[in-house]
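Welcome, and please open your viewer. We will go from one selection to the next, and at each stop you will hear what is there.

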Amino acid sequence: MLSGAAGLWANGRPPTYRVRKGDTLSKIARLHGISVRDLKRENGLKDDLIRIGQVLKLPAKLETSYARVRNATESLAVPMLSWSLIVGHHSGIRNGNAAAYHRGHLRRGMSNGLAYHFVIGNGIDSGDGEIEIGSRWTKQLPGGHVRSSAVNGKGIGICCVGDFETGKPTPRQLESFLWLCGYLQETVGSRRLAFAVHKEIDPGHTVCPGRNFPTKSLRNRFEKL
Ligand SMILES: [Zn+2]
């Protein structure tokens with residue numbers, strides 16, 4: 001949610017843990033309900049060696065972020081619009097989060113700010129795989145993420161933070177993206193949501209979400225959900 005600009009991270013920083021005597025990566029991971037793999041990835045660790053006093057960044061639990069999406073959606077104060085499409089985007093820059101893009105979109109004259117309904121973090125300015133909920137979702141407003149207002153009125157915009165022409169989405173971003181697509185499909189009821197990415201909607205106008213966004217495999221997996 002935009003009011004919680006830092007999302008799951010207090011003050012825009014990931015929670016940390018100082019290594020104590022007798023700690024191992026698996027013990028720390030178990031203690032915080034996260035995987036050793038995510039703990040190592042978050043800290044760029046190549047092996048299992050840690051030393052006393054070392055400060056480790058703790059990745060946010062994706063389930064926490066998913067629960068927030070469920071809660072926000074179940075407690076919508078307005079009727080849900082009749083969505084028929086999911087549109088995937090990248091932000092085109094490595095940095096940023098929902099609050100930063102919201103400010104940017106307001107500056108660009110979009111009166112409702114953040115053009116997307118959801119933003120999925122990459123671990124730089126919000127959690128890796130963290131789903132931030134935009135006010136266009138909580139208020140059930142059309143998006144501002146594609147050129148056509150008709151498509152904005154029926155398409156749920158999901159933006160992954162990053163530039164996927166040059167970089168790649170993180171595994172946790174893709175995991176959350178797919179989870180969100182599945183949740184949205186479940187939530188809109190009997191209608192089957194179509195799946196598209198921005199450049200399929202506005203061909204020739206944008207490269208979004210970039211050549212390294214796995215559109216084909218995500219679509220395949222989404223269609224099997
Ligand atoms: Zn886009």
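Select valine 119 and cysteine 159 together: cysteine 159, in strand 6, is the bridge partner of valine 119. Helices and strands here are DSSP runs, with at least four residues (H or I) for a helix and at least two (E) for a strand, numbered from the N terminus. Before moving on, note that this is a predicted model, in which local features need pLDDT of at least 70 and side-chain atom pairs count only at pLDDT 80 or more, while totals for chains, interfaces and linings use all residues. Residue numbers start from 1 along each chain as its sequence is written.

**Strand 6 and its partners**

Now show the whole of strand 6, residues 155-160. How many of its six residues are buried? Six of the six are, where buried means that 20 or more other C-beta atoms lie within 10 Å of a residue's own, exposed means 12 or fewer, and partly exposed is in between, with C-beta atoms placed from the backbone. Turn the strand around to look at both faces: Gly155, Gly157 and Cys159 are buried on one side, and Ile156, Ile158 and Cys160 are buried on the other.

Strand 4 runs parallel to strand 6, joined by three bridges. Two strands pair if DSSP finds at least two bridges between them. Next, add strand 3, residues 85-90. Strand 3 is also parallel to strand 6, and six bridges join the two. Two pairs to pick out are leucine 85 opposite glycine 155 and histidine 89 opposite cysteine 159. Five of the six residues of strand 3 are buried.

**Out to the edges of the sheet**

From strand 3, step across to strand 7, residues 194-197. These two strands pair in the parallel sense over four bridges, and valine 87 stands opposite alanine 196.

Then go to strand 4 and select strand 5 beside it: the two are antiparallel, with four bridges. Isoleucine 120 has isoleucine 131 of strand 5 as its bridge partner.

What is the order of the strands in this open sheet? Reading across, the five strands go 5-4-6-3-7, with mixed pairing. Strand 5 and strand 7 are the edge strands, each pairing on one side only. On average, neighbouring strands are turned by 20° against each other, direction ignored; such angles run from 0 to 180 degrees between the N-to-C directions of axes, which are lines fitted to C-alpha atoms, for helices over the stretch in contact.

**Helices against the sheet**

Select helix 7, which packs on the sheet and touches strand 3, strand 4, strand 5, strand 6 and strand 7. Its direction makes about 40° with that of strand 5. Zoom in on leucine 180: leaving aside neighbours within four places in sequence, it is in contact with Val69, Phe118, Ile131 and Ile158. Two residues are in contact if their C-beta atoms, placed from the backbone, lie within 7 Å.

Now choose helix 4, residues 98-107, and colour its buried residues: Ala98, Ala99, Tyr101 and His102. Why are they on the same side of helix 4? They cover an arc of only 165° around the axis, the arc being that of the directions from the helix axis to the C-beta atoms. These buried residues pack against strand 4 and strand 5. Just after helix 4 comes glycine 109, with a positive phi near 90°.

**Stops in the loops**

Select glycine 134, in the loop between strand 5 and helix 5. Is glycine 134 buried or exposed? It counts as buried, because it has 27 C-beta neighbours inside 10 Å. Glycine 134 and histidine 117 are 17 residues apart in sequence, yet 4.9 Å apart in space, C-alpha to C-alpha.

Move on to glutamine 140, in the loop between helix 5 and helix 6. Its phi is positive, near 50°. Glutamine 140 is partly exposed, with 16 other C-beta atoms within 10 Å.

Then find proline 209, in the loop between helix 8 and helix 9. The peptide bond from cysteine 208 to proline 209 is cis, with omega near 5°. Most residues other than glycine have a negative phi, and most peptide bonds are trans.

**Last stop**

Finish at helix 1, residues 25-32. The number of buried residues among its eight is zero, so helix 1 lies largely in the open. Glycine 33 follows helix 1, with a positive phi near 65°.
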